Protein chains: 2
Amino acid sequence: MHEAFDSDILSSPGHGGHRRLGIVGGGQLASMTAAAARRLGCDVVVLERYAFSPASHAAGDTMIGDWNDAAVLTRFAQGVDVVTIENEFVSVDALAAIEAQGVAVWPSTPTLRLMQDKLTQKETLAGAGLAVTPFAGVSSVDALRETVHRLGLPAVLKTRRNGYDGKGNVTIRSSDEIESAWRQLGAGTTPLYVEAFCPFEREVATIVTRGIDGRVAVYPLVETIQADHICRVVKAPADTPDRVTVRATDMAVAAIEAVGGVGSFGVEMFLTADDSLFVNELAPRVHNSGHYTIEGCLCSQFENHVRAIMGWPLGATVMTAPAAVMVNLLGTARGPGVPHGLANALAVPGAHVHVYGKAMSGAGRKMGHVTAIGATMTEALHAATSAAADITFGSQQ
Amino acid sequence: MHEAFDSDILSSPGHGGHRRLGIVGGGQLASMTAAAARRLGCDVVVLERYAFSPASHAAGDTMIGDWNDAAVLTRFAQGVDVVTIENEFVSVDALAAIEAQGVAVWPSTPTLRLMQDKLTQKETLAGAGLAVTPFAGVSSVDALRETVHRLGLPAVLKTRRNGYDGKGNVTIRSSDEIESAWRQLGAGTTPLYVEAFCPFEREVATIVTRGIDGRVAVYPLVETIQADHICRVVKAPADTPDRVTVRATDMAVAAIEAVGGVGSFGVEMFLTADDSLFVNELAPRVHNSGHYTIEGCLCSQFENHVRAIMGWPLGATVMTAPAAVMVNLLGTARGPGVPHGLANALAVPGAHVHVYGKAMSGAGRKMGHVTAIGATMTEALHAATSAAADITFGSQQ
């Protein structure tokens with residue numbers, strides 16, 4: 001009846017025996033992962049370069065330091081049992097050093113190394129027989145010209161590393177643009193590759209969680225709606241014919257098996273007008289397209305990531321309602337990371353508002369998201385978009 | 001697509017403008033409230049007497065100190081906008097001091113004062129026309145004898161303050177036991193009252209959330225199954241005839257209105273064989289019988305508590321599935337607060353395991369809970385009880 005009082009019986013130091021999870025990176029992905037891990041009894045420590053990160057409030061402890069410094073990572077790893085990442089750009093060499101010392105790192109460093117280089121990632125997928133758009137590495141402007149000639153226009157020139165949200169990508173629409181695209185991405189100072197533009201009609205995605213033992217849990221196929229290369233809306237499930245859904249799901253699982261993934265992974269795919277599917281890109285971590293799983297599925301991508309890397313059984317990925325919609329909340333301007341209009345958003349029945357607690361807003365910065373579940377897609381879409389429209393960050397309001 | 005990297009753009013101190021919530025008490029109720037508050041963008045600070053409390057990992061900051069010390073509470077209140085409690089035994093005088101300084105305290109100190117004295121609570125409920133079992137304050141053993149004679153046997157002698165989980169209660173089954181019951185509860189050194197034993201068939205409960213503006217959200221009626229005065233299982237919704245459900249719900253709302261409650265409140269009721277309902281007890285805080293609302297209802301009792309005390313609109317209380325069952329995880333012995341058998345529990349599809357992260361287990365101590373939602377009560381009950389049966393705390397395994 002009265003459980004509060006028992007907090008006074010005993011609360012002493014010494015968490016010995018709890019599983020200790022270290023997360024490299026302190027953003028919203030780490031925050032949501034930390035919340036899921038704590039609920040399963042894990043102690044969570046976050047490594048972030050700055051104080052006051054979103055995850056610092058969800059974790060038991062935060063270590064401030066540069067995650068690309070092997071000495072910092074080694075010190076971090078000494079206090080935990082399992083290390084995972086929220087950021088695919090962490091130095092694999094630094095992670096490999098702690099892995100060599102016997103600390104479990106998931107996803108494994110071979111998987112991360114393979115995935116960080118987008119060209120190697122594509123080669124691996126193609127090698128596993130998965131459909132990807134035609135691509136090739138290019139190490140000179142002449143090679144680029146030749147490859148674009150072969151692949152056809154439009155084509156997309158990309159950096160092999162560190163691209164995100166459209167950064168590190170240049171679309172080449174005519175032969176005239178080859179030279180400038182080459183210069184724009186560093187004129188060969190950074191490794192590049194080029195791929196044929198995929199004339200997709202829709203973008204679909206899913207989350208695949210794979211355990212250390214190879215067991216796989218796969219989430220419903222969703223449709224992602226992007227603007228300016230940033231995900232805006234996720235509709236779950238995707239409105240695709242069953243055979244497309246099954247094919248996409250099989251492709252996603254095969255892709256994560258091909259890279260030897262352990263943990264939760266985002267798999268983005270292109271769907272063309274003739275129902276062809278191409279793997280676009282894999283993320284070696286929980287993914288924005290899976291945020292809806294917190295309320296929309298029995299076990300979220302975050303909890304399943306923790307289950308996977310701790311060696312625990314994976315949770316059920318079935319949806320809790322016929323439809324779920326997630327809408328990202330992007331900052332409109334630089335300013336304090338405080339939501340305006342929150343009360344209006346909370347008046348929308350069934351809208352689940354997630355504010356990430358970032359100290360500062362920036363234009364286009366992901367500041368939070370809203371998820372709504374519903375008996376129909378129309379209902380969920382209406383609730384999520386109305387609530388999201390009420391909230392702004394960084395504006396003077 | 002890649003949101004992780006933006007954690008590096010800016011993460012500086014200065015959370016100015018976020019709503020700052022102070023929670024007095026650092027147990028599991030504070031922890032689950034803190035998680036809900038953080039998701040809505042609040043900064044959360046916890047006041048607890050010991051380090052390493054369950055809530056310390058869910059809050060942005062923890063202040064260590066005695067919450068009954070007005071000086072400590074004043075310092076605590078200086079850093080927050082709104083103060084709430086997870087523990088109904090906090091000194092109301094100390095809270096009143098900070099309320100007088102202009103810091104919002106919810107529930108208000110008049111409400112807390114009224115509820116902390118169980119006799120005053122009963123008088124208030126009776127005064128509002130709500131059915132309660134016959135009761136009376138007793139200040140001498142002769143008065144006790146006389147009152148028991150009037151109310152009939154069995155009767156229950158109770159301390160007016162600080163009773164919980166059966167502590168501070170003695171059942172008097174025959175006239176011979178009056179004298180010993182009186183001595184057992186301090187022989188008049190502490191204020192006592194006596195009530196007629198209610199021959200209930202079932203215990204039902206609900207959570208009522210009431211806003212500062214008086215608006216009310218009420219959760220489904222649930223059945224609670226107790227053993228040794230501790231809640232073991234909560235079944236939502238209660239299997240009661242519609243007219244009973246409606247009557248119980250109306251009574252619960254009237255009870256919280258009668259005490260002027262703001263926030264989420266647990267309302268426990270007795271249901272007799274002839275479908276009579278009596279209010280048993282109110283808790284001025286989120287309640288164990290509402291833990292299922294995290295997964296089982298659109299908006300949890302914790303989020304609604306935060307919405308209420310922040311002056312935001314209340315969330316929808318409808319269930320996300322036809323049935324939900326919560327089973328408490330109690331410690332079996334003193335020992336480290338680490339769950340054994342977690343992997344087996346996680347293998348039960350749809351079981352949501354919540355480990356509170358207490359440093360130490362104790363026999364009968366609430367260490368966590370399991371919730372399962374299902375298409376039928378049988379399904380939810382099976383999943384929740386199987387998963388809960390797999391987990392032990394404090395035993396040698």
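This tour moves through chain A of a predicted model, from its sheet to one of its helices and then to a loop.

Begin by selecting the strands of chain A, where five of them form an open sheet in the order 3-2-1-4-5, with parallel pairing. Strand 3 (61-64) and strand 5 (104-105) of chain A stand at the edges, and because each has a single partner strand, one side of each is left without a neighbour in the sheet.

Next, select residues 20-24 and 43-48 of chain A, which are strand 1 and strand 2, and follow the five bridges over which these two pair in the parallel sense. For one position in this pairing, pick Ile23(A), whose bridge partner in strand 2 of chain A is Val46(A).

Now select helix 2 of chain A, residues 70-78, and display Leu73(A), Phe76(A) and Ala77(A), which are buried. These residues cover an arc of only 95 degrees around the axis, so they lie on the same side of helix 2 of chain A. The buried residues of this helix pack against strand 1, strand 2, strand 3, strand 4 and helix 3 of chain A, while the face turned away from the buried side carries the exposed residues Ala71(A) and Gln78(A).

Finally, select Asn87(A), found in the loop between strand 4 (82-85) and helix 3 (92-100) of chain A. Is this loop residue, Asn87(A), buried or exposed? Asn87(A) has 24 other C-beta atoms within 10 Å, and because the cut-off for a buried residue is 20 or more, Asn87(A) counts as buried. To end, draw a distance from the C-alpha atom of Asn87(A) to that of Phe200(A), 113 residues apart along the chain, and the separation is 27 Å.

Technical notes: Residues are numbered from 1 along each chain as its sequence is written. Chains are lettered from A and ligands numbered from 1 in the order in which they are written. This is a predicted model: local features need pLDDT of at least 70, side-chain atom pairs count only at pLDDT 80 or more; totals for chains, interfaces and linings use all residues. Two strands pair if DSSP finds at least two bridges between them. Helices (H or I, at least four residues) and strands (E, at least two) are DSSP runs, numbered from the N terminus. A residue is buried if 20 or more other C-beta atoms lie within 10 Å of its own, exposed if 12 or fewer, and partly exposed in between; C-beta atoms are placed from the backbone. The arc is that of the directions from the helix axis to the C-beta atoms. Two residues are in contact if their C-beta atoms, placed from the backbone, lie within 7 Å.
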